[in-house]
Amino acid sequence: MKLEGRPAMERIYNILRGELSETPLPDSGGIANTRRMAVARAPELASFNTLAMWDLSFAREALKMQPRG
């Protein structure tokens, strides 16, 4: 990304920050999008179980450590 100065960098940061979830877990749309991009680059992955790509153990641990409000 060729950003011209701090204002451009802050604008992009704010856009990307607004797209992130508060929990570190991919949603179904994110998983489907990852699959779509992978199959577009490597059609032989069409029969691959996309869910096998995700190791969510880190996310479960992070959620256990979150303060309850």
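Me: Before we start, what counts as a patch here?
Reply: Patches are made of residues with over 30% relative accessible area and no salt bridge, and nonpolar side chains are joined within 5 Å. Keep in mind that this is a predicted model.

Me: OK, so which residues make the nonpolar surface patch?
Reply: L45, F48, L51, M53 and W54 make it, and the patch covers about 450 Å².

Me: Where does M53 lie?
Reply: M53 is in the loop that runs between α2 (28-41) and α3 (57-65).

Me: And why does M53 count as partly exposed?
Reply: Because its relative accessible area is 38%, and partly exposed is the class between under 20% for buried and over 50% for exposed.

Me: Switching topic: how many salt bridges does the structure hold?
Reply: Two. One of them joins E10 to R6, with the closest N and O atoms 2.8 Å apart.

Me: Where do E10 and R6 sit?
Reply: Both are in helix α1 (residues 5-19), four residues apart, which is about one turn of the helix.

Me: Is R6 buried or exposed?
Reply: R6 counts as exposed, at 56% relative accessibility. Its partner E10 is partly exposed, at 37%.

Me: What about K64, which residue does its side chain meet in a salt bridge?
Reply: E61, at 3.2 Å from N to O. K64 and E61 are three residues apart in helix α3, so about one helical turn separates them.

Me: How accessible are K64 and E61?
Reply: K64 is exposed at 60% relative accessibility, whereas E61 is partly exposed at 43%.

Conventions:
Residues are numbered from 1 along each chain as its sequence is written. This is a predicted model: local features need pLDDT of at least 70, side-chain atom pairs count only at pLDDT 80 or more; totals for chains, interfaces and linings use all residues. Side-chain values use heavy atoms; hydrogens and water are left out. Patches are made of residues with over 30% relative accessible area and no salt bridge: like charges are joined within 9 Å, nonpolar side chains (Val, Leu, Ile, Met, Phe, Trp, Tyr) within 5 Å. Accessible areas come from the Shrake-Rupley method with a 1.4 Å probe; for residues, only the protein chains shown count as cover. A salt bridge is a side-chain nitrogen of Lys or Arg within 4 Å of a carboxyl oxygen of Asp or Glu. Helices (H or I, at least four residues) and strands (E, at least two) are DSSP runs, numbered from the N terminus. Buried means under 20% relative accessible area, exposed over 50%, partly exposed in between (1.4 Å probe, protein chains only).
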